Structures are given as structure tokens and as C-alpha cells.
Amino acid sequence: MKDANPSSQSITQRSLPHPRRCDLGTALASLKMETPTTPTDNNGVPGSETQPSKRRRKKSVVWEHFTIETVGAGCTRACCNQCKRSFAYITGSKMAGTSHLKRHILLGICPVSRQKNQMTPYTPGSKTDVPKRRYTRAHASFSFDQDLCSYEIAKMIIMHGYPLHIVEQPGFINFVRSLQPQFNMVSFNTIQDECVAIYHREKQCLLNLIAGCPGRISLTVDLWTSNQNLGYVFLTGHFVDSDWNSYSQILNVITVPSPDSGDTFSQAILTCLSDWHVEGRLFTITLDQSLSNETIIGNLKGLLSVKNPHMLNSQLLIRNCYARVLGRLAQDTLGGLSEIIMKVRESVKFVKTSEIHEEKFVQLKQQLQVPSMKTLLLDDHTRWDTTYHMLVSACEMREVFACLDTYDSDYKIIISLEEWSRIETVCTYVKYLFDAANLVADPAYPTANVFFPIISQIQVELMQAAMSEDSLVSSLIRPLYEKFDRYWENCCLVLAIAVIMDPRYKKQFVDFTFCKIYGDNAETWIKLVDDGLHELFMEYMMQMLSLPGTLMEEGNEDINKSDPPEAAEASHGEATDGISEFDIYLSDITGGQQMKSELEQYLEEIILAPRGQDFDILGWWKEKSTKYPTLSKMASDVLSIPVSTVAADSVFNTEIKRMDSYRTSLGASNLEALICAKDWLRHGPFPEPEPQPLEVSNDVVKMDF
């Protein structure tokens, strides 16, 4: 048994109760029994007035770089052995700790230590090493798992686009070995197989998700190129699942030897439909006309007429990509002022490439009291939004540029007031294109109902500007309006049907918009949309009529509820007396008013208000799916129609994407696996696949409708 007398033991010899194994009272009692000690001298040897072994030895590694000095009664400071700067350590009963001492050495604050590190090569284990933080193992029961580590490396490679041969690079091998010496680094072939395995696992989950979706699927087609003149067709599926969640996932990346061939896109789409077992469920196809020709368009129309023969006679082929149309219009508009924009670009470059010039510019801005808070930015020629931002910021500081030549003699560029006025006018209308493009720059792809209000507003603004009495405005904007008008006429039918499915707008908003745009000719366009809407709804009704009786009962639930109880009884032959015959007669003469279709009932309901941005339209239709079983299926498909084919991070790009040399060297199947798996992991996880066959028969697909 240990001696209980505190005077017979030093602090370093006594075993204090562990704070986790005793209460606070016991710990305090033990501390009160300790004998006070004084600091040791610089060499760690107790002073002459202290008792031996009364002060525990300092264990922190900072004491290899610092020496303790007593500067007064009850005041002790730590002095750096390199730069001789002193720091607070003990003042009275307060101890400053060692964190600030570690930072002095670790972050290179010490000038002498920093100079030595720059002149002396680094040698691990040397005395000049900076203090190292001591880490403790968080879980003593940790068990190493080689397979899990291999999986995480493969997942990292997929998610961040690292090359597969990173596992053979010495730097990465040494890094991993320093983290876990037990890990046996995998080979190139092993990590490639692991990546492909992840792809197949995720694909199986996505297959089950699509197979369980009650509606149809829409496709977007995009094309990448490479230095080898190969084409890479990106096929992205857009759909709503059974729980009314919207999805936008890359399904296939198909390598094509001849991107300009007439059947390139048709064959790629057929491969995609077969691969994902959705041959009978295609709804719309969206591509960009700049990537195709009339032969390709004709082939795709023929494909739609076969795979989707009933939907508006193949009118659901969207021939223009929303993002690319906006980008081309912005570039064409800005291109009309290329000489003026070049002056602005050179002016911004003059300021931003020299600290002296920028300092003078800021001083002049302050003297002139220009209120702009924007920062001058030099644009990137591959992104049109950067050119727009450069012009906007420069316009706000045009007063500074106008006086800069008198303040900085090196500035020789002259931009007239008329040129600034032209830039300001163009930026006013390019802003509409920029705001519209931002809508699809968000990774969360928006539903189709949001596009009609934005595009129609652009149409109205450009039309009014083109007819403006201001000759400067009309001359600059008229070419933009004429090009946008062609896009508007090609897409307004589909977008109008989509916004009608929004209970905050419905058909009244379409009528109102067409009256603003077309005036006396609005009735023609209103009738076109109305006919298309009812035709599409009737096609969904015909699909419901072809379903088994159990599903039809669900589909007619609301219609049966609207019938009078007596008429329902008579229709089932449960009563044949005279009163029941009278009830049948009443039902016949009033049935036209009660047997309204779901579409008519929906359109006659009061429009929801207010129209906030946080409205969950899919959630609304989910709640109304019992009341509108057929119309809700149509709304699900219509709201998932995509209008843009490019990825969110490429919305403002001015060039077609190119596949780099590393990816083209992987082979078609590995390339597709890495790109698709990255997209799925980023948006996943998908529901786990159920233990059932993945093949989906056409009969089952029909029952989903």
C-alpha cells in the first residue's frame, strides 16, 4: 500500500486520482495536500531554495526552443533561443500556457528560425524541426480494414476526377503510408476494377429507382469533342420518382467516331433507352440546334414518333438549348461593341496589372467620391458572364476612367461618353439574359414551370426596346430581339403547358402574357396552347382507360364522388322503383355539369397566392394526386421536361466542352463509368436495390400509367 503521508512523496511520485475515476471533491482534496514548488532554472535543475523532485519535468517540445527566465517576483517569461524575444509564461497565479510559443516556431513567426529553414534543407528528425502536435488515438479499439481503404480511395478518385494512376505516384504512396503503414497500396488495375464496381453498384440502385417511377423520362443530349476528332454524347435523364422527388442524372456517355453523322444521336438514344429499360417511356428529347443539322433533327423526330407516337405528334422535340441560346445572344450582342469593349478591357488591364496604377486609381476614386462598391475584374474570354461583369463594374467607375489620364500619365486610353452610353444600354438588356441563365446555373435543376414567366418577360422587354423611339436603344437591341423571337416561338408551347401546371399561374397567366406580346393576334396563340393542353390530357386519359379495372377505379374515384348517391345506386341496379327512375332522370339532365374532367376542375379552381419563390410545386401535386390521379401523372412528366442540355457549371461557357487527353486514353467503358459514377455519387445516395429482377417488361410499364 502506498504511503498516505503527503510529505514523504513528491508530486512526480504520487499517483493522483484520475479525473474520470473520481469526483471533483476528491481531486481538490488531493491537490490541496500538495507542497508548493517554485520554477526550475534554465537547465531544468531546481533552485537552491526548492526541494528536490518537487517540480515535474516539462514535457512540451517547445522547451527545446525556449528558456524560462524569472524577471521579477512571481513573474516568469519564456525566451526564444533563436530571436531572444520573450513571451508571457507565469504571472502570479496565472499561467499563459504554451500554445502561443508553439505558434511562434510552427508558423515561422520567429525571423531567425524562418531564415534558417529557408537556407537549410529539411531533414526529418533534426533538432530544427518545428514543434509537432501530439495526437491521441480517439478510439483504442480501431481495426484496420484494407478493403474499406481501397474503396475510399476509389471513391475519392471518382468524386474528384483524379487520374487512376495516382495510386502509383510516389508522393501519394508516401502520404498514405504515413497515415496508415499497414495499408498495402493497390495497383492501377485493382483501383480501376474498384471504380468500375462502384459504377455498377450505383447503376443498379438507379435502375431500380427508374423502374419504380410511375411516369415517363425525358432526355437531354449534349456533345463533347476531343483532339482526336471523336465525339462524346452525354445523355441525361430527367424524371420524377414515386415520392415526387425530381432527378436529373447522367445515364450514358457514348463515344461516337463521327459526331456529324446523321444517325449519331438517334443511335445513342436507342442505346440509352435499351440500357435503362425505358423503351416505351420516352417523353421529350432536348438538344441544341448548333450541334445538329436537318438530317439529325429529322431522324430524332422519326424516333419520337416511334417511341412516343401519341404525345403531340412528335412536337415534344425541343431543338434549342436554353443556356446555349442565351449564351449566343449575349455574345452576339456584346460582339457588336467589340471595339469599345476592347478599350474597356485594356483600361481594366492597365489598372489591375500594376499595383502602382491600381493604387492611383483607388486614390482618384476616393477623391471623386465615386460611390460604386464593385471591384474591377478582367474577363475570361471563355465565359460571357465575366465580360458582362467587367463592363458593369467599369461603367460604374467611368468617371474615374475619364479623369485617370490627368492623374496617371501612363494611361493613354480614351473612351467617349457616347461609347460609355452604348455599353450601359447593352448591359441593361444583357442583364436579362444573365439573370435567366442563372436559373440553370444552380446544381438543383429547376422544374419546367419556372421558365415561361422569365422567357416571356425577356420577350416583352426586348420587343419594347426594339420599337423604342430612342434610336440608340432600338438600333442596339433590335437584332437581339429578332433572334430571341425565333427561340420564343419554338419553345412557347411546351413552356406554356408547363406553367399552366403551376397552380399559381394556370391558363390565365398564359392568356395575359400572349395579349401583351401579340395584341389582337393573341387568340391564335391562346388556342394553340389550349388545343395542345387538352390533346395531351386526352392522351393520358386514354392510357388510364387501358388500365386494369382496379387502377381505373382509383382513377375515377373523384368522378364517382361527384355523382349523386341516388344515381350511383341506380347505376348499380340496386333500386328500380319510380323514385329511382326520377333520380336517374335528374342525373341525366345535370350530369354534364358534374362530370367535368380533372383538367377542367383544376383550371376552374382559384389561383394560389402569393407566388413566392419557395413554393414546392411537386409537393403540391403530390398532395393533389388523389383528387387528380390522371392530371397529376401528366403534371409529373411535364414539370420534369428539361430545357437546357449543359451542366450547371458550363452554363456561361462560350465553347463546346472538350475531353482531355487523359480521359480519352481510358477507353469508352471506363470513361463512361468514371463520369457517370461521379454524377451519381454527387447526387446520391439512391435507394438500395430490392432483391428482384431488374428487367422491366412493357406490360409493367403500361400499368404504371
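The secondary structure of this protein chain comes to 28 helices and 10 strands. The model is predicted, and the chain has 705 residues, of which 43% count as buried. Among contacts with a separation of 6 or more, 70% are between residues 24 or more positions apart. Here is a short tour, starting with the nonpolar cores and moving on to one helix, one lysine and a few salt bridges.

**The nonpolar cores**

- The largest nonpolar core holds 109 residues, and Phe401, Met501, Phe514 and Trp621 are the ones that touch the most other members.
- Helix α16, residues 471-500, gives the most to this core, contributing 18 residues.
- A second, separate core has 65 residues, including Trp276, Leu303, Leu674 and Leu681.
- As background, nonpolar side chains in soluble globular proteins tend to be buried together.

**Helix α13 and its buried side**

- Which residues of helix α13 (residues 398-407) are buried? They are Val400, Phe401 and Leu404.
- These buried residues lie on the same side of α13, because they cover an arc of only 95 degrees around the axis.
- On the face turned away from that buried side, α13 carries the exposed residues Ala402 and Thr406.
- The cover over the buried residues of α13 includes α10 (338-352), α11 (355-368), α12 (384-396) and α14 (417-438).
- Phe401 deserves a second look: leaving out residues up to four places away in sequence, Phe401 touches Ser347, Val348, Val351, Phe361, Leu376, Ala394, Tyr411 and Trp420.

**A buried lysine without a salt bridge**

- Lys506 belongs to helix α17, which spans residues 506-518.
- Lys506 is buried but has no salt bridge. The nearest side chain of opposite charge is that of Glu605, 4.3 Å away, and a salt bridge requires the nitrogen and the carboxyl oxygen to be within 4 Å.
- What does the side chain of Lys506 reach at 3.1 Å? It is the backbone oxygen of Glu605.
- Apart from neighbours within four places in sequence, Lys506 is in contact with Val499, Ile500, Tyr602, Leu603, Glu605, Ile606 and Ile607.

**Salt bridges**

- How many salt bridges does a search of the whole structure find? The search finds 19.
- One of them joins the side chains of Arg345 and Asp379, at 2.8 Å from N to O. Arg345 lies in helix α10 and Asp379 in the loop between α11 and α12, so this pair ties together parts that are 34 residues apart in sequence.
- Are Arg345 and Asp379 buried or exposed? Both are buried.
- Asp435 and Lys431 also meet through their side chains in a salt bridge, again with an N to O distance of 2.8 Å. This pair sits in helix α14, 4 residues apart, and is separated by about one helical turn.
- Asp435 is partly exposed, with a relative accessible area of 36%, and Lys431 is partly exposed too, at 39%.
- In helix α17, Asp511 forms a salt bridge with Lys507, with the closest N and O atoms 3.2 Å apart. Asp511 and Lys507 are 4 residues apart, about one turn of the helix.
- Asp511 is partly exposed, with a relative accessible area of 22%, whereas Lys507 counts as buried at 16% relative accessibility.
- As a general point about helices, an α-helix has 3.6 residues a turn, so residues three or four places apart point the same way.

How values were computed
Residues are numbered from 1 along each chain as its sequence is written. This is a predicted model: local features need pLDDT of at least 70, side-chain atom pairs count only at pLDDT 80 or more; totals for chains, interfaces and linings use all residues. Side-chain values use heavy atoms; hydrogens and water are left out. A nonpolar core is a set of buried Ala, Val, Leu, Ile, Met, Phe, Trp, Tyr and Cys residues joined through side-chain atoms within 4.5 Å. Buried means under 20% relative accessible area, exposed over 50%, partly exposed in between (1.4 Å probe, protein chains only). Helices (H or I, at least four residues) and strands (E, at least two) are DSSP runs, numbered from the N terminus. Contact means heavy atoms within 4.5 Å. Lys and Arg count as positive and Asp and Glu as negative; His and the chain ends are not counted. A polar contact is a pair of N or O atoms within 3.5 Å; within protein, one must be able to donate a hydrogen and the other to accept it, and residues adjacent in sequence count only if both atoms are side-chain atoms. The arc is that of the directions from the helix axis to the C-beta atoms.
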